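Trainee: Please pick one part of this structure and take me through it closely. Then tell me how the rest is arranged.

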Amino acid sequence: MQTEVIAVDPQQPQADIIERAASLLRAGELVVFPTETVYGLGGDALREEAARRIFAAKGRPLTDPLIVHIAQMEELETVAASVPERAQRLAAAFWPGPLTLILPRGKQVPTLVTAGLETVAVRMPSHPVARALIRAAGRPIAAPSANRFKHVSPTTAQHALADLGGRVPLILDGGPTPVGVESTVVDVAAPVPRILRPGGTSLEALREVLPEIEPPLPPRTTAFDKPEREEGEAQRSPGQMLVHYSPTVPLLLFEGEDEAQRAAIVAETLRRLERGERVGILAASEDVEALRPCAERGALVQAPASLEEPARIAAALFATLRALEEAGVNVILCRSFRPVGLGLAVQDRLRRAAGGRIIQVDPSADAAEGVR
Ligand code: TXA
Ligand code: MG
């Protein structure tokens with residue numbers, strides 16, 4: 001299949017381009033489109049055959065449910081069987097925007113979309129292209145992130161093309177996505193509302209509307225933890241997979257006091273450069289001075305923003321991981337970011353990308369010690 005990439009104005013999408021994409025969706029075909037979080041791989045949410053195509057194009061197991069995207073509140077009645085009061089309050093406060101609500105499944109939504117679950121994930125994106133496309137298609141659109149299963153989510157059309165080229169007919173290129181991490185998924189159908197996946201809407205902001213909301217459970221960090229579900233059983237939350245957002249090269253995540261992290265990253269980098277490895281470093285602008293010896297010896301240092309700007313770190317995170325990958329590094333050494341604001345989502349994605357390779361640095365010990 002030929003994949004066509006069409007540039008579209010991210011603020012005022014051209015009507016003819018939107019109509020072309022919408023007609024593909026109405027025909028049960030797939031379209032990659034920008035949202036404010038990441039690019040989505042969209043298909044008709046009420047048509048089983050479209051959902052089947054989504055799973056096939058992504059290489060995603062049928063046990064991982066999709067998010068249904070809507071453009072106006074009236075569509076909520078089609079996709080959800082009921083909307084609890086607290087869900088209405090969250091929707092009123094955060095939609096359109098990077099928040100996904102888990103609700104009882106409406107009968108029209110095929111169980112293939114929800115991976116057999118009696119709940120459905122729903123979100124109303126704010127990106128003008130996404131909104132125009134869903135409206136023009138005239139139906140809710142199921143869309144996971146437009147990456148191959150387990151790869152880093154795409155924040156540009158080029159990322160989506162690299163993963164899905166030849167597997168979808170059309171990619172709408174609306175430039176880089178502003179938020180950069182996926183939506184926050186909140187289970188409002190549970191007795192106590194809980195974040196299942198931290199994302200583009202912060203816990204602090206959610207608590208201003210719903211103070212009782214629970215933070216996400218910590219992801220499993222070792223391969224030896226007891227699995228929380230049986231093989232083949234639908235995932236209750238994306239937090240249950242150990243390796244989910246993974247770059248194709250190993251990522252080592254350093255956690256601990258700032259100075260100790262820097263010392264440990266420098267020591268580990270110099271050791272690896274000595275062995276002839278190509279080393280990529282994901283850091284904050286505050287680290288650049290300390291990492292100068294690494295950069296001078298050929299390590300690729302990426303410092304997209306300051307520790308004080310978690311939203312800017314989030315916006316750059318996936319593109320930076322992909323850039324290091326494409327530069328051909330053998331390993332990515334990564335500092336950790338404080339779980340404040342969008343920093344919680346950044347921490348979550350990095351821990352998953354590390355897949356258990358987390359190095360706790362102890363400021364009292366020789367920082368270079370605990371690292372192998
Ligand atoms: O920002 C986003 O949410 C992006 C854009 C494209 O909207 N979409 C996205 O979709 O990240 P996806 O499929 O990559 O991640 C959705 C996650 C899945 O990991 C899935 O486990 C969870 O939401 N999910 C979907 N339906 C669910 C349900 N009924 N109960 C619990 N979790 C659900
Ligand atoms: Mg995804």
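Mentor: Here is a close look at the sheet of 5 strands, followed by the rest of the chain.

The model is predicted, so local features need pLDDT of at least 70 and side-chain atom pairs 80 or more, while totals for chains, interfaces and linings use all residues. Residues are numbered from 1 along each chain as written, chains are lettered from A and ligands numbered from 1 in written order, and side-chain values use heavy atoms, without hydrogens or water.

The sheet is open, with parallel pairing. Its order is β13-β12-β14-β11-β15. Strands here are DSSP runs of E with at least two residues; helices are runs of H or I with at least four, and both are numbered from the N terminus. Two strands pair if DSSP finds at least two bridges between them. The edges belong to β13 (300-302) and β15 (358-361). Each has a single partner strand, so one side of each lacks a neighbour in the sheet. On average, neighbouring strands are turned by 20 degrees against each other, direction ignored.

Now the partner of edge strand β15. Strand β11 (residues 251-256) runs parallel to β15, and 4 bridges join them. G256 faces V361 of β15 across this pairing.

Two helices lie across this sheet. Helix α8 (residues 258-274) crosses β11, β12 (279-282), β14 (331-334) and β15. Its direction makes about 150 degrees with β11 (axes are lines fitted to C-alpha atoms, for helices over the stretch in contact; angles run from 0 to 180 degrees between N-to-C directions). Helix α11 (residues 343-354) also lies across β11, β12, β14 and β15. Its angle to β11 is about 130 degrees. Contact means heavy atoms within 4.5 Å.

One side-chain detail: the charged end of R335 sits over the ring of F337, 5.9 Å from its centre. That calls for CZ of Arg or NZ of Lys within 6 Å of the ring centre and within 35 degrees of the ring normal.

Now the rest. Another open sheet has 10 strands and mixed pairing. Its order is β1-β8-β2-β3-β7-β4-β6-β5-β9-β10. The edge strands are β1 (4-7) and β10 (194-197), each paired on one side only. Inside this order, β4 (residues 67-69) and β6 (residues 119-123) pair in the parallel sense over 3 bridges. There H69 stands opposite R123. Helix α5 (residues 128-137) lies across β2, β4, β7 and β8, at about 140 degrees to β2.

Altogether the chain has 11 helices and 15 strands. Of its 372 residues, 56% count as buried, meaning under 20% relative accessible area with a 1.4 Å probe, protein chains only.

Conventions. Buried < 20%, exposed > 50% of the residue type's maximum accessible area, 1.4 Å probe, protein only.
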